[in-house]
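Visitor: Could you walk me through the spaces inside this model and what sits in them?
Guide: Gladly; take a look at it first.

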Amino acid sequence: MSKKEAKYQRLFSQLEALLSKETSFISQLATINAVLYHKNPGYFWIGFYFVQNGRLLVGPYQGPVACQELEYPKGVCWASVLSKEEIIVKDVESFPDHIACDSRSKSELVIPMVNEANEVVAVLDVDSDKLNNFDKTDAAGLTRILSLINTKLLNDYVKANKF
Ligand code: SME
């Protein structure tokens, strides 16, 4: 196991314990952000964008103030929503229509999240102030951490808020 894989294993175990409590969808997202932001020096910003009524609106996050809404269909987050694929951007300058909420962000990783109907309802977005900070190991580690989110809490929240 690489050092990076071992780090994500530790983060998974810590979050598994924290998220085992009966809370809420937003409590779980906020906890994931707090743990990952403070345990990963390479993370400049981490947060969730929600697909709500055809708009992409910021949810819980940690880091500098971010765009509240991402203009359709620009940028990495919309590309991930529309393709249903994770996207690793080694250099944000090279991504057409990239939305720069903060000019210090240099590289980025976006992972889509789906509901019970397999529709993308949110994305996890992680930014770094270093070029080429993210690779497949980060994507796999974060995807595994997202699997800790209680699917009933997610589906109930999405329905109640008419995503
Ligand atoms: N860069 C993202 C926008 C969100 S910020 O990075 C927080 C994008 O192009 O979708």
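The questions below go through the ligand site, then the cavity and the pocket, in this predicted model.

Visitor: Which helix gives the largest share of the shell around the ligand?
Guide: Strand 1 (45-52), helix 3 (75-83) and strand 6 (120-128) each bring at least two residues to that shell. Gly-75, Val-76 and Cys-77 are among the residues surrounding the ligand. The largest share, 3 residues, comes from helix 3.

Visitor: What residue has a backbone N or O atom 2.9 Å from an oxygen atom of the ligand?
Guide: Let us go through the polar partners one by one. The side chain of His-98 has an N or O atom 3.2 Å from a nitrogen atom of the ligand, and the side chain of Asp-125 has one 3.3 Å from a ligand oxygen atom. The backbone atom at 2.9 Å from a ligand oxygen belongs to Val-76.

Visitor: How much of the ligand's accessible area does the protein cover?
Guide: Those polar partners include the side chain of Asp-125, 3.3 Å from an oxygen atom of the ligand. On its own the ligand has 310 Å² of accessible area, and the share of this that the protein covers is 98%.

Visitor: How many charged residues does the shell around the ligand have?
Guide: Glu-108, Asp-125 and Asp-127 are among the residues that surround the ligand. By class, the shell has 7 nonpolar and 2 polar residues, and the number of charged ones is 3.

Visitor: What is the volume of the largest cavity?
Guide: The structure holds 1 cavity of 30 Å³ or more. The space taken by the ligand is the largest cavity, and 19 residues line it, with Ile-99, Cys-101, Glu-108, Asp-125 and Asp-127 nearest its centre. Its volume is about 180 Å³.

Visitor: How many residues in the lining of the largest cavity are nonpolar?
Guide: Strand 1, helix 3 and strand 6 each supply at least two residues of this lining. Its residues include 3 polar and 4 charged ones, while the nonpolar count is 12.

Visitor: Now the largest pocket: which strand gives the most to its lining?
Guide: The largest pocket has a volume of about 220 Å³, and its lining of 13 residues has Met-113, Val-114, Leu-146, Ser-147 and Leu-154 nearest the centre. Strand 5 (107-114), helix 4 (136-146) and helix 5 (151-160) each supply at least two residues. With 4 residues, the element that gives the most is strand 5.

Notes: Residues are numbered from 1 along each chain as its sequence is written. This is a predicted model: local features need pLDDT of at least 70, side-chain atom pairs count only at pLDDT 80 or more; totals for chains, interfaces and linings use all residues. Side-chain values use heavy atoms; hydrogens and water are left out. A residue is near a molecule or strand if one of its heavy atoms lies within 4 Å of it. A polar contact is a pair of N or O atoms within 3.5 Å; within protein, one must be able to donate a hydrogen and the other to accept it, and residues adjacent in sequence count only if both atoms are side-chain atoms. Accessible areas come from the Shrake-Rupley method with a 1.4 Å probe; for residues, only the protein chains shown count as cover. On a 1 Å grid over the protein atoms alone, a cavity is a set of points where a 1.4 Å probe fits but cannot get out, and a pocket is an open set with protein on both sides within 12 Å along at least five of seven lines; lining residues have an atom within 4 Å of a point. A molecule sits in a cavity or pocket if more than half of its atoms lie within 2 Å of its grid points. Ala, Val, Leu, Ile, Met, Phe, Trp, Tyr, Cys and Pro count as nonpolar, Asp, Glu, Lys and Arg as charged, and the others, Gly among them, as polar. Grid points are joined across faces, edges and corners, and a volume is the space filled by probe spheres set on the points.
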